Amino acid sequence: LGCEGHSEILCTDLSHLEDGILGHFTGKGSFYDLREIAHRLSRKDAAVLAYAKGLAEWNAGNAFCGTCGHSTRSLERGHSRICANASCARIIYPRIDPAVIVLIEYRPENGEPLCLLNRVKTSDGYRCSTFAGFVEVGESLENAVVREMKEEVDVDVKHITYVASQPWPFPSSVMIGFTAEVKTTAFCVDNEEIKDAAWYSAKEIRELAASGQLVLSKSDSIARSLIEHWVENNECVESKVR
């Protein structure tokens, strides 16, 4: 995977082994899905493990050539693969699937700003997140934002602003985060990917999350970062309005 100081960082895929065998080699300790524990790891460790998981899954999923069907072998220490058929010899590189993730906001001339969140009813309250979708072939990131927001909640967005990105190797995505504005609060969920959504002010998000009535995305996700960033930037706006 690279070097840290004078030491190389290596990874190996043990997913084909049974739990009992894994326990024999590791002694104490347990194995976990990376998505379950990423928020408990340091940023550095989480990044290295995500890198390892992404490469391991890509290698496992490309054991055969997509051109001629022949087997492939590892190249460049696992960072690419080559078709073992000499007449083909196609070199394959890991692909990344870009996805946009968007926080939709409404900023009235008079009144407090609001953001629209996707929400799912739970026994304790609502689990909320932002809206996301994959970029299609031949599509710009901005066009993907416009299309996905129209498909999922039937809104026309403007003032699309890039915020940050996050690698998401489950198995091979990169999430590209934006904020986007709408002219009105009217929306309509698609009842397929999105079942329910609601507008919230920064104060409401802060208070409902503190009381447990609103559960935000996991702390290691860019969705959570987009929401927290928006809340921090708009709490002051609320106080000025009032």
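This is a short talk on the strands, one ring pair and the largest pocket of a single protein model.

Before anything else, the model is predicted. I will start with what the record says. The unreviewed UniProt entry carries the annotation "domain: Nudix hydrolase" for residues 94-222. In the model, that span is 19% helix and 41% strand. The C-alpha atoms at its two ends lie 23 Å apart.

Now the strands. As a reminder, the strands of a sheet pair through backbone hydrogen bonds, and they can do so in parallel or antiparallel fashion.

Take the open sheet of 3 strands, which has the order β3-β4-β5 and antiparallel pairing. Which strands are at the edge? Those are β3, residues 72-75, and β5, residues 91-92, and each of them pairs on one side only. Between β4, residues 80-83, and β5 there are 2 bridges, in the antiparallel sense. If you want to find the contact on screen, look for Ile82, whose bridge partner in β5 is Ile91.

Next, please find strand β7, residues 114-121. Is it enclosed or not? Of its 8 residues, 6 are buried, so β7 is largely enclosed by the rest of the structure. Several strands pair with it, and I will go through them in turn.

With β6, strand β7 forms 3 bridges, running antiparallel. Here Ile104 has Leu116 of β7 as its bridge partner. With β12, residues 197-200, β7 is joined by 4 bridges, again antiparallel. On that side, Leu117 is matched with Ala198 in β12. With β8, residues 126-129, there are 4 bridges, also antiparallel. There, Arg119 has Cys128 of β8 as its bridge partner. The link between β7 and β8 is a hairpin through 4 residues.

Going back to β6, residues 97-106, this strand is also joined to β9 by 4 antiparallel bridges. One bridge to look for runs from Val102 to Phe131 in β9. Strand β9, residues 131-134, has two unlike faces: Phe131 and Gly133 are on the covered one, while Ala132 and Phe134 are on the uncovered one.

Now the aromatic rings. How many aromatic pairs are there? The count comes to 2. I will show one of them, Tyr162 with Phe178. Their ring centres are 6.0 Å apart and their planes stand at 75°, so the pair is edge-to-face. Tyr162 belongs to strand β10 and Phe178 to strand β11, so the pair ties together parts that are 16 residues apart in sequence. Tyr162 has 48% relative accessibility and counts as partly exposed. Phe178, at 3% relative accessible area, is buried.

Last, the empty space. Rolling a probe the size of a water molecule over the atoms shows where such space is left. The largest pocket has a volume of about 900 Å³. Its lining is made of 36 residues, and those nearest its centre are Ala50, Gln166, Pro167, Trp168 and Pro169. Which elements give two or more residues to that lining? They are α2 (34-37), α3 (43-60), β10 (158-168), β11 (173-182) and α6 (222-241). The most comes from α3, with 9 residues. By type, the lining has 19 nonpolar, 11 polar and 6 charged residues.

To close, keep two places in mind: β7, with 6 of its 8 residues buried, and the largest pocket, to which α3 gives the most lining residues.

How values were computed. Residues numbered from 1 in each chain as written. Predicted model: local features only at pLDDT ≥ 70, side-chain atom pairs only at ≥ 80, totals over all residues. Heavy atoms only, no water. Pairing = 2+ DSSP bridges. UniProt positions renumbered as here; feature names shortened; annotations may be inferred. 1 Å grid on protein atoms, 1.4 Å probe; cavity = no way out; pocket = protein on both sides within 12 Å on 5 of 7 lines; lining within 4 Å. Points joined across faces, edges and corners; volume = space filled by probe spheres on them. Nonpolar A, V, L, I, M, F, W, Y, C, P; charged D, E, K, R; others polar. Phe/Tyr/Trp six-rings, centres within 6.5 Å; stacked < 30°, edge-to-face > 60°. Buried < 20%, exposed > 50% of the residue type's maximum accessible area, 1.4 Å probe, protein only.
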